[in-house]
Amino acid sequence: MKMKKYAATHEWVSVEGKTATVGISDHAQDHLGDIVYVDLPEVGKSLKKGDVFCTIESVKAASDIYAPISGKVIEVNEELDSSPEKINNDAEGAGWIAKIEMSNESELDSLMDLEAYKKHCEEEG
């Protein structure tokens, strides 16, 4: 069963087994504007929840993207090297950033479902 959760820092996680696909939310890409470069994480890198795992540069600014869960990067979306705009076009689909093998699945409990995330975005302004 696939499960999708959101972090307060605007990353999403889609979970299948022990693998979590991670990207930024549609809300986040909307705020960033046109994305021009994605500094992808290294495959094999171990992350702790809350670590900066990648940087996205848009025409407005560079933004750090945080790991919503702990684990090891097992795959990155290399298409973003040549087509960073995939994130603008499909942030929560083809614009995924990395796949992480989770080391602590209980961390998912601290993330929000879509309804809670939408509310969080509204409260942020």
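This tour proceeds through a predicted model, stopping at its sheets, its nonpolar cores, its salt bridges and one loop residue.

**The six-stranded sheet**

Begin by selecting the strands β1, β2, β3, β9, β8 and β5, which in that order form an open sheet with antiparallel pairing. At the edges of this sheet stand β1 and β5 (46-47), each of which pairs on one side only.

Select β3 together with β9: the two strands run antiparallel and are joined by four bridges. Within this pair, display T21 and, opposite T21 in β9, K99.

Continue to β8 and β9, an antiparallel pair that extends over five bridges. Here G71 is the residue to select, with M102 of β9 standing opposite.

Finish this sheet at β5 and β8, which run antiparallel and are connected by two bridges. In this pairing S46 faces K72 of β8 as the residue opposite.

**The three-stranded sheet**

Next, select β4, β6 and β7, which make up an open sheet of three strands in the order β4-β6-β7, again with antiparallel pairing. Strands β4 (35-39) and β7 (62-66) occupy the edges, and each has a single partner strand, so one side of each lacks a neighbour in the sheet. From one strand to the next, the twist averages 25°.

Restrict the selection to β6 (residues 52-58) and β7, which run antiparallel and are joined by five bridges. To locate one position of this pairing, display C54 and its bridge partner in β7, I65.

**The nonpolar cores**

Which residues touch the most other members of the largest nonpolar core? Select I24, V38, F53, I56, I87 and I97, which hold that place among the 29 residues of the core. Two or more residues each are given to this core by β2 (11-16), β3 (19-24), α1 (26-32), β4, β6, β8 (71-76) and β9 (98-102).

Centre the view on I87 and display its contacts. Leaving aside residues up to four places away in sequence, I87 touches I24, Q29, I35, V38, I56, L80, G95 and I97. A second core, separate from this one, consists of six residues, among them Y6, M112, Y117 and C121.

**The salt bridges**

How many salt bridges does a search of the whole structure find? The search returns three. Side chains of opposite charge can pair when their charged atoms come close.

For one of them, select K4 and E92, whose closest N and O atoms are 3.2 Å apart. This pair links distant parts of the chain, as K4 belongs to strand β1 (residues 3-6) and E92 to the loop between α3 (86-89) and β9, 88 residues apart. K4 is partly exposed at a relative accessible area of 32%, and E92 is likewise partly exposed, at 25%.

Then select K18 and E105, whose side chains meet in a salt bridge with an N to O distance of 2.8 Å. K18 is in the loop between β2 and β3, while E105 is in the loop between β9 and α4 (114-124), so the pair ties together parts 87 residues apart in sequence. Relative accessibility is 48% for K18, which is partly exposed; E105 is also partly exposed, with a relative accessible area of 36%.

Another salt bridge appears on selecting K86 and E79, whose side chains meet at 3.1 Å, N to O. K86 has a relative accessible area of 25% and is partly exposed. E79 counts as partly exposed at 47%.

**A residue in the loop between β9 and α4**

For the last stop, select L108, located in the loop between β9 and α4. Is L108 buried or exposed? L108 is buried, because its relative accessible area is 6% and buried means under 20%.

Display the surroundings of L108 to see which residues it meets. Apart from residues up to four places away in sequence, L108 touches M3, K5, V13, V15, I69 and M102. Of these contacts, K5 merits a separate distance label: L108 and K5 are 103 residues apart in sequence, and their C-alpha atoms are 7.4 Å apart in space. M102, also touched by L108, is the β9 residue that stands opposite G71, which returns the view to the six-stranded sheet.

Conventions: Residues are numbered from 1 along each chain as its sequence is written. This is a predicted model: local features need pLDDT of at least 70, side-chain atom pairs count only at pLDDT 80 or more; totals for chains, interfaces and linings use all residues. Side-chain values use heavy atoms; hydrogens and water are left out. Two strands pair if DSSP finds at least two bridges between them. Axes are lines fitted to C-alpha atoms, for helices over the stretch in contact, and angles run from 0 to 180 degrees between N-to-C directions. A nonpolar core is a set of buried Ala, Val, Leu, Ile, Met, Phe, Trp, Tyr and Cys residues joined through side-chain atoms within 4.5 Å. Buried means under 20% relative accessible area, exposed over 50%, partly exposed in between (1.4 Å probe, protein chains only). Contact means heavy atoms within 4.5 Å. A salt bridge is a side-chain nitrogen of Lys or Arg within 4 Å of a carboxyl oxygen of Asp or Glu.
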